[in-house]
Amino acid sequence: MSEESDLEKTEPASPRRLEKAREEGQVVRSRELATFIMLMTGVAGLWSLGSVLGRTLDTVMRQSLRFEPATAFDTSRMLSRFASVVWESLLAFLPLLLLFGVAALAAPLLTGGWTFSTKVLAPDFGRMSPLSGLGRMFSVHSLAELFKAIAKSLLVGSVGAWVVWHRLPDAIALMNAPVQEALLHMLDMVLHCCLAVVLSLLVVAAIDVPWQFWEHFKKLRMSKEEVKQEFKESEGDPQIKGRIRQQQRAMARRRMMAEVPKADVVVTNPTHFAVALRYEEGRMGAPRVVAKGTDEVAARIRALAAEHRIPLMSAPPLARALHRHVELNQEIPAGLYTAVAEVLAWVYQLKHWHYSQGPQPSAPVDLMVPDELAVPESRA
């Protein structure tokens with residue numbers, strides 16, 4: 001049961017999944033909203049530009065039907081006259097065509113926005129399969145589209161019938177009106193009828209847009225296994241990342257160990273901690289920690305120090321404080337200046353003793369570590 005539940009697509013689509021779907025041309029689209037916007041643009045354009053368009057077309061029609069004997073017997077003048085009529089007609093319709101163009105470009109911005117993808121142009125032979133076609137014909141999506149088409153037809157038909165029935169007395173009265181007046185009233189009634197029908201499509205679009213969003217996100221849902229796989233692909237496999245971090249730590253440890261032979265002294269716990277210090281007068285403002293570690297790493301640091309004759313000094317409080325509060329290649333804090341200065345003084349005395357005679361210098365004891373930098377042994 002757990003394996004079956006993992007295969008169910010119950011998880012919402014991740015941002016990466018949505019972006020990938022957009023790259024493939026899968027965005028929210030509502031044909032009902034686009035149809036409403038285009039038809040509403042047409043009605044609004046005819047309402048505002050109808051008088052200008054009508055006068056221009058009336059002038060073009062009168063010029064076209066005017067008989068001129070010179071034009072009737074000259075083919076070149078006939079073609080020139082025809083081209084002039086076509087050009088004037090196109091100019092008359094140009095504002096309306098521009099409105100349609102703006103509406104066609106603006107409609108996608110209300111849902112999924114513009115997208116340009118060449119993947120949708122690639123041939124998909126799977127969609128040419130008769131079995132796939134039958135499956136799409138009898139799918140839930142097709143049934144929903146059928147129901148939507150029937151409901152839209154009933155709604156539009158009902159609104160159109162109501163408008164016609166409501167304006168029927170006015171239409172009958174046009175038979176007794178003058179031709180010019182009857183024509184104007186008839187065009188006004190047609191525009192009102194178209195406006196009512198188009199506004200009824202707003203109801204269809206208001207229902208279709210949420211449905212398209214719901215269906216789009218439902219189609220892109222992911223199973224728990226897909227979410228895990230995507231996380232691995234985006235963030236990296238935890239096992240691989242663990243191995244990379246392990247290799248990075250090993251490389252950093254090797255670089256750190258290479259600095260131990262250059263250290264001036266190694267302060268120890270004496271067994272659990274080891275911190276290598278280095279100081280170059282004139283080049284460093286304060287001594288720096290060039291290597292540090294615990295347990296096995298500390299043992300390796302002590303072994304390298306002994307191999308290269310680097311002085312080892314057992315100072316547990318100082319070793320714990322340096323290990324806790326100072327990172328690699330960082331200078332020690334001011335609170336440890338006094339204690340480290342005593343250690344370095346002992347180192348310089350030890351070097352001098354190797355080249356001279358006399359008693360061996362004793363290592364300093366009871367080095368002062370401030371309370372704010374002290375690390376209890378139980379927490380080390």
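Which element gives the largest share of the lining of the largest pocket? The tour comes to that pocket after a look at the whole chain.

**Whole chain**

Load the model, which is predicted, and colour it by secondary structure. The protein chain has 14 helices and four strands. Of its 380 residues, 28% are buried. Among contacts between residues at least 6 apart in sequence, 75% join residues at least 24 apart.

**The largest pocket**

Select helix H3 (31-65). H3 answers the opening question: 10 residues of the lining of the largest pocket come from this helix, the largest share. The pocket holds about 650 Å³ of space. Its lining counts 17 residues, and the closest to the pocket centre are Gly50, Ser51, Gly54, Leu184 and Leu187. Two elements, H3 and H9, give two or more residues to this lining. Colour the lining by class to find 10 nonpolar, four polar and three charged residues.

**The cavity**

Keep H3 on display and add helix H5 (75-106). How many cavities of 30 Å³ or more does the structure hold? There is one, with about 30 Å³ of space in it. Select Gly45, Leu46, Leu49, Leu53, Ala92, Pro95 and Leu96 to show its lining. H3 and H5 are the elements that give two or more residues to that lining. The largest share, four residues, is from H3. The lining has six nonpolar residues and one polar residue, with no charged residues.

**Annotated spans**

Next, select residues 33-53, 85-110 and 189-214, which an unreviewed UniProt entry annotates as "transmembrane region". Put a distance between the end C-alpha atoms of residues 85-110: they lie 39 Å apart. This span is 85% helix and 0% strand. Do likewise for residues 189-214, where the end C-alpha atoms are 39 Å apart and the chain is 100% helix and 0% strand.

**Serine 200 in H9**

Move to helix H9 (residues 179-219) and pick out serine 200. Is this side of the helix a place to look for cover or for open surface? Serine 200 counts as buried because its relative accessible area is 6%, under the 20% cut-off. Show its contacts, leaving aside neighbours within four places in sequence, and Leu155, Val156 and Val159 appear.

**Strands S2 and S3**

Go on to strand S2 (residues 273-278) and its partner S3. How do the two strands run? They are antiparallel, joined by six bridges. To see one facing pair, select leucine 277 and valine 289 in S3, which stand opposite each other. S3 itself covers residues 288-294 and is mostly covered, with five of its seven residues buried.

**Aspartate 295 in H12**

Step along to aspartate 295, in helix H12 (residues 295-307). Its phi is near 50°, a positive value in a residue other than glycine. Aspartate 295 counts as partly exposed because its relative accessibility is 44%, a value between the cut-offs of 20% and 50%.

**Helix H13 and what covers it**

Select helix H13 (residues 316-325) and mark its buried residues: Leu318, Ala319, Arg320, Ala321 and Leu322. What covers them? Add strand S1 (265-268), S2 and helix H14 (337-354), which are included in the cover over the buried residues of H13.

Stay on H13 for arginine 324. Here the relative accessible area is 38%, so arginine 324 is partly exposed. Now select valine 375 as well: the C-alpha atoms of arginine 324 and valine 375 are separated by 7.6 Å, although the two residues are 51 residues apart along the chain.

**Last stop: asparagine 329**

Finish in the loop between H13 and H14, at asparagine 329. Its phi is positive, about 65°, although asparagine 329 is not a glycine. Buried or exposed? With a relative accessible area of 53%, asparagine 329 is exposed, because the cut-off for exposed is over 50%.

How values were computed:
Residues numbered from 1 in each chain as written. Predicted model: local features only at pLDDT ≥ 70, side-chain atom pairs only at ≥ 80, totals over all residues. Heavy atoms only, no water. 1 Å grid on protein atoms, 1.4 Å probe; cavity = no way out; pocket = protein on both sides within 12 Å on 5 of 7 lines; lining within 4 Å. Points joined across faces, edges and corners; volume = space filled by probe spheres on them. Nonpolar A, V, L, I, M, F, W, Y, C, P; charged D, E, K, R; others polar. UniProt positions renumbered as here; feature names shortened; annotations may be inferred. Buried < 20%, exposed > 50% of the residue type's maximum accessible area, 1.4 Å probe, protein only. Pairing = 2+ DSSP bridges. Contact = heavy atoms within 4.5 Å.
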